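Dear colleague,

I am passing a structure on to you, and below it you will find my notes on what turned up in it. Please read them with the coordinates open.

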Amino acid sequence: MSEQKLFAQPNETDWTELAPGNTRRVLIHTPELMQVEFGFEQGAVGAPHSHPHIQVSYVAEGRFEVTIDGQSQVVEQGGSFIVPSGLVHGVVALTRGRLVDVFTPMRADFV
């Protein structure tokens, strides 16, 4: 059995470009839980999608228009939102910003 990673330091993991102005890096995870940071340039889009994981997101920086299951709201720095399993959701970065997302269980497609 491999030893569980208990700490993650800044810049320990590489950023992956997902689309123009949209990047992602996995910070830390277990099979049950995953923390991921997303970076957005102003106007960048997190395209509408769904997945079976429960997701909670914290706006670490910036302002985002967030749409979950057809409901939209602007969420700014310090705010949060939750996406229940299976709901279609996406974001538009109204300013340059960062989201810190937590997924349960972990997103195997991200590693």
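**Ser-85 and its surroundings**

Ser-85 is found in the loop that runs between strand 8 (80-83) and strand 9, and please keep in mind throughout that this is a predicted model. With a relative accessible area of 43%, Ser-85 counts as partly exposed, because that value falls between the 20% under which a residue is buried and the 50% over which a residue is exposed. Once its neighbours within four places in sequence are left aside, Ser-85 is in contact with His-51, Pro-52, His-53 and Ile-54. For Pro-52 there is also a polar approach to report, since a polar atom of the Ser-85 side chain lies 2.6 Å from the backbone oxygen of Pro-52. Gly-43, by comparison, is 42 residues from Ser-85 in sequence and 26 Å from Ser-85 in space, taken C-alpha to C-alpha.

Of the contacts of Ser-85, His-51 deserves a separate look. His-51 lies in the loop between strand 4 and strand 5, and it is buried, because its relative accessible area of 7% is under 20%. The side chain of His-51 makes a polar contact, at 3.5 Å, with the side chain of Arg-107. Again leaving aside neighbours within four places in sequence, the residues in contact with His-51 are Ser-85, Gly-86, His-89, Phe-103 and Arg-107.

**The nonpolar core**

The largest nonpolar core has 19 residues, and those with the most contacts inside it are Phe-40, Phe-64, Phe-81 and Leu-99. Two or more residues of this core come from each of strand 3, strand 6 (63-68), strand 8, strand 9 and strand 10, with strand 3 giving the most, namely four residues. Beyond its neighbours within four places in sequence, Phe-81 is in contact with Gln-55, Val-56, Ser-57, Val-66, Ile-68, Val-75, Val-91 and Leu-99.

**The largest pocket**

The largest pocket holds about 290 Å³ of space. Its lining is made up of 21 residues, and Phe-38, Phe-40, Gly-46, His-49 and Asp-101 are the ones that lie nearest its centre. Among the elements that give two or more residues to this lining are strand 1 (16-19), strand 2 (22-29), strand 3 (34-40) and strand 5 (54-61), while strand 4 provides the largest share, with four residues. By type, the lining residues divide into eleven nonpolar, seven polar and three charged. Phe-40 thus appears both among the residues nearest the centre of the pocket and among those with the most contacts inside the core.

With best wishes

Conventions:
Residues numbered from 1 in each chain as written. Predicted model: local features only at pLDDT ≥ 70, side-chain atom pairs only at ≥ 80, totals over all residues. Heavy atoms only, no water. 1 Å grid on protein atoms, 1.4 Å probe; cavity = no way out; pocket = protein on both sides within 12 Å on 5 of 7 lines; lining within 4 Å. Points joined across faces, edges and corners; volume = space filled by probe spheres on them. Nonpolar A, V, L, I, M, F, W, Y, C, P; charged D, E, K, R; others polar. Buried < 20%, exposed > 50% of the residue type's maximum accessible area, 1.4 Å probe, protein only. Contact = heavy atoms within 4.5 Å. Polar contact = N/O pair within 3.5 Å; in protein donor to acceptor, adjacent residues only side chain to side chain. Core = buried A, V, L, I, M, F, W, Y, C linked by side-chain atoms within 4.5 Å.
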